[in-house]
Amino acid sequence: HLRHLGWSSDTLAWHRSYPIAQGNRQSPIDIVSARAVYDPNLKPLVFSYESCASLNISNNGHSVMVEFEDTDDKTAISGGPLENPFRLKQFHFHWGTNRSQGSEHTIDGKPFPCELHLVHWNARKYATFGEAAAAPDGLAVVAVFLEVRIAKIACLYDESIFFFQGTKAQFSSFNPKCLLPLSLDYWTYLGSLTTPPLNESVTWIVLKEPISISEKQLEKFRMLLFTSEEDQRIQMVNNFRPPQPLKGRVVRASFKA
Ligand SMILES: [Zn+2]
């Protein structure tokens, strides 16, 4: 169980319990756009989210998360840097106390107020999500930046029942396709989970174009709590890990700068 001294001091202590925190392919990273290498062999991304079945929404203690039925390849991502379809398992968000911070990845040193992670797994190669999460080619996470605009995105939830850690509610027929920007241009690199156990199992696909969120919706995220009902209340904010060293990795771009 994580003690919350504040997420930023937690992230600095993770290496004591998870030595991989100082590994060679950790995430997130700062993407220096001028150093990204255009790769004409990268294919366009294909999101097959048509018959998407969301199951529930919950406060899992480090984010708000929506889980999906993942028993077949109906809801999957393919193309891009991926050899075969990867199934959608869940999505969740990272955000800050104010607009000046919140995302995990940064672009040319600049953070966004919020970042969405759509987590997919390689069901062609691995039997379970857990098995995939431990393998170097097991997961594909699509990152979408959110910027604050007056025009709001699809409202995710209005309830206050997700305040406490561990609370969960049924949440069906939500299609995350409405959380994708118009342009599917992306950067891609090999990295890791950004929360413990920090497995180096993720092919990251970071979309260039941000989507919009209203300040009001961001405020709803900030009202969530890291803590459970019986604990002292700690507001869930700044649930992002800072950028990690690149250690010689190359970031590829699907588009010409
Ligand atoms: Zn995440």
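**Strand β12, the nonpolar core and helix α3**

In this predicted model, Thr 188 stands across from Ile 205, a residue of strand β13. This pairing is a convenient way into the fold, as it belongs to a longer antiparallel contact: six bridges join β12, residues 186-191, to β13, residues 202-207. A second antiparallel partner of β12 is strand β15, residues 252-253, which pairs with β12 over two bridges. Here Trp 187 has Ala 253 of β15 as its bridge partner. Of the six residues in β12, five are buried, so the strand is largely enclosed by the rest of the structure.

Stepping back to the whole protein, the secondary structure consists of three helices and 15 strands. A compact globule of 257 residues would be expected to have a radius of gyration near 18 Å, and the value of 17 Å for the protein agrees with this. Along the principal axes, the C-alpha atoms occupy a box of roughly 50 × 40 × 40 Å. Buried residues account for 40% of the 257 residues. Sequence-distant contacts are well represented: when contacts between residues at least 6 apart in sequence are considered, 71% of them join residues at least 24 apart.

The interior can be described through its largest nonpolar core, which has 53 residues. Within this core, the residues with the most contacts are Val 141, Val 142, Val 144, Trp 187 and Val 206. Two or more residues each come from β5 (64-68), β6 (76-79), β7, β9 (114-121), β10 (139-148), β12, β13 and α3 (215-222). The most is given by β10, which supplies eight residues. Trp 187 thus appears both among these core residues and as the bridge partner of Ala 253. Leaving aside residues up to four places away in sequence, Val 142 touches Ile 77, Leu 118, Ile 205 and Leu 207. One of these contacts, Ile 205, is also the residue that faces Thr 188 from β13.

Helix α3, already met as a contributor to the core, has a buried side and an exposed one. Its buried residues are Gln 217, Leu 218 and Phe 221. These cover an arc of only 100° around the axis, which puts them on the same side of α3. In general, an α-helix has 3.6 residues a turn, so residues three or four places apart point the same way. The exposed residues Glu 215, Lys 216 and Glu 219 lie on the face of α3 turned away from the buried side. Cover for the buried residues of α3 includes β5, β7, β9, β10 and β14 (211-213).

Two loop residues round off the picture. Leu 224 sits in the loop between α3 and β15, and it counts as buried because it has 24 C-beta neighbours inside 10 Å, where 20 or more are required. Its C-alpha atom is 7.7 Å from that of Asn 59, although Leu 224 and Asn 59 are 165 residues apart along the chain. Asn 98 lies in the loop between β7 (86-95) and β8 (106-107). With 12 C-beta neighbours inside 10 Å, Asn 98 counts as exposed, the limit being 12 or fewer. The C-alpha atoms of Asn 98 and Pro 81 are separated by 34 Å, with their positions 17 residues apart along the chain.

Methods:
Residues numbered from 1 in each chain as written. Predicted model: local features only at pLDDT ≥ 70, side-chain atom pairs only at ≥ 80, totals over all residues. Helix = DSSP H or I, 4+ residues; strand = E, 2+ residues; numbered from the N terminus. Rg over C-alpha atoms; globule rule 2.2 N^0.38 Å. Contact = placed C-beta atoms within 7 Å. Pairing = 2+ DSSP bridges. Core = buried A, V, L, I, M, F, W, Y, C linked by C-beta atoms within 7 Å. Arc of directions from axis to C-beta.
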